[in-house]
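Here are some notes to read alongside the structure, set out as numbered points. Please keep the sequence and the model open while you go through them.

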Amino acid sequence: MSSVAVSTTVNGDAVEVLCDTDETLLDVLRDRLDMTGTKEGCGTGDCGACSVMLDGRLVCSCLVLGVEAEGREVETIEGMAEGEKLHPLQQKFLEHAALQCGVCTPGFLVAAKALLEVNDDPSESEVRYWLAGNLCRCTGYDKIVRAVLDTAKDMRSA
Amino acid sequence: MRYETPETAKAAAKLLLGAKGPAKILAGGTDLLVQLRSGMKPPGLVVDIKHIPAMCAIKKERGGFRIGAAVPSAEMGEHAGLGKAWPGVVEAAGLIGSTQVQGRATVAGNLCNASPAADSVPAMVAAGAVARIVGPRKRRDIPVEKIATGPGKTSLKKGELVESIFLPKRPPRSGDAYLRFIPRTEMDIAAASAGVSLTLDRKGVCIDARVALGAVGPRVILVKRAAKALIGTRLEDVMGVLAEFGDALSDYQNICAAAARPIDDKRGTKEFRTHVVGVLARRAALIAYQRAGGK
């Protein structure tokens, strides 16, 4: 009855999806498109587990309606690695053991990538403030912050 | 739930006016989607204003800035001219939620959500910001402090929506600042807050001021008496006298504290909020003073 056909782009691929008007982009990604890399934590924009890029801007997909994606570009964690080749951030998260249960990890990676795109040399404090909207209940954040700083350093010298 | 994406402000107003049941405006959605999630009955109509070009831009106008109602706070932070003219307003908008939330949240939405603790509102009230309201027939401009009438309530009539917020041209030697207290260091809602905007003469004497307090009453409080206490001074005079003599009547900080009408809740007690809002108002005034070029 209030289903709408939405044409959007996800990780560079044109996608057509039928969704209800009150469904969130998060639900559309996970339940309609089977892209379950984006996680649901709180569902109210507090935890950042559902972070995605929408037209180049970092957002919580739980705070976006699926229908809002019409004509726009969505980037998710699934688009981060190139085939088998991990993004430098993903590699550093592994090396630094910057994840434990892993539920927050896709959100952290998407958010950290967005940071490095606008600031290739962030201070520790800038990293912590940028990622303040991504909650992790396992790591205590330190390893995540170190992994991001280490990635930035490597990427600058690359 | 019907979802509409009008391309003009008038069309948006007409949709709202014609709605049979409850209708909601969708700008950044950082309040609306949370309300939907928390079990609010979905409104019959949601009007997404992000397809209205004029609402998606920050424009210079008569030396001031017009911020479209759909402009996310992140974009305000990236706008060099706006941040230079109104650093207090931009820093207040930059305190709302996380990076992710700022990618969506708008100051017009912050205003119309009408939370007494909205971060951008005291800063906008201090700035003398004017909201442009569009209705099905005409537009009208009203000061932002006239929008919220109480928690979650606004003076907007059926069929009306905020189209933009106008920050006027600033005289030379002006500055503004916003400070809030939160129990954490990020990602929290103000327990008390203060926005101050002021203008100095060539000698550094304050000749104009506006002081607005947040989270200490059902709506943001514009404290004219506090502004009067600043005008005609170099600020340190006022502050210094008070510290030494504790003269409650002439004390700017005490005037602000006395204007507060807070409630007790999980974020702070009445007593705490009353005290802290005075401290914040004082510190914000000093920052605004420095930004205006005062020493």
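1. A good place to begin is one pair of residues in a sheet of chain B, bearing in mind that this is a predicted model. B:Gly175 has B:Leu198, a residue of β12(B), as its bridge partner. That pair belongs to a longer run of pairing, for β11(B) and strand β12 (residues 192–200) of chain B are joined by 8 bridges and run antiparallel.

2. Widening the view to the whole sheet, one finds 4 strands of chain B in the order β11-β12-β13-β14, with antiparallel pairing, and the sheet is open. Which strands stand at the edges? They are β11 (174–181) and β14 (221–222) of chain B, and because each has a single partner strand, one side of each is left without a neighbour in the sheet.

3. A helix accompanies this sheet: α8 (residues 120–127) of chain B lies across β11, β12, β13 (206–214) and β14 of chain B, and its direction makes an angle of about 20° with β12(B).

4. The next point concerns the nonpolar interior. The largest nonpolar core has 148 residues, and B:Leu213 and B:Cys256 are those with the most contacts inside it. Helix α12 (residues 270–291) of chain B gives the most to this core, namely 8 residues. In general, nonpolar side chains tend to be buried together in soluble globular proteins. If residues up to four places away in sequence are set aside, B:Cys256 touches several residues, among them B:Ala194, B:Val211, B:Leu213, B:Val277 and B:Ala281.

5. Turning to where the chains meet, 21 residues of chain B are in contact with 24 residues of chain A. On the chain B side, the elements that give two or more residues are β1 (2–4), α2 (32–37) and α6 (99–102), and the largest share, 4 residues, comes from α2(B). This side of chain B divides into 9 nonpolar, 7 polar and 5 charged residues.

6. Finally, it is worth following a single residue of chain A, A:Leu63, which is found in the loop between β4 (57–60) and β5 (73–75) of that chain. Is A:Leu63 buried or exposed? It is buried, because 30 other C-beta atoms lie within 10 Å, where 20 or more are needed for a residue to be called buried. Apart from its neighbours within four places in sequence, A:Leu63 is in contact with A:Gly45 and with B:Gly29, B:Thr30, B:Leu33 and B:Arg104. Between the C-alpha atoms of A:Leu63 and A:Val28, which are 35 residues apart along the chain, the separation is 12 Å.

Key:
Residues numbered from 1 in each chain as written. Chains lettered and ligands numbered in written order. Predicted model: local features only at pLDDT ≥ 70, side-chain atom pairs only at ≥ 80, totals over all residues. Contact = placed C-beta atoms within 7 Å. Nonpolar A, V, L, I, M, F, W, Y, C, P; charged D, E, K, R; others polar. Buried ≥ 20, exposed ≤ 12 C-beta atoms within 10 Å, placed from the backbone. Core = buried A, V, L, I, M, F, W, Y, C linked by C-beta atoms within 7 Å. Pairing = 2+ DSSP bridges. Axes fitted to C-alpha atoms, helices over the stretch in contact; angles between N-to-C directions.
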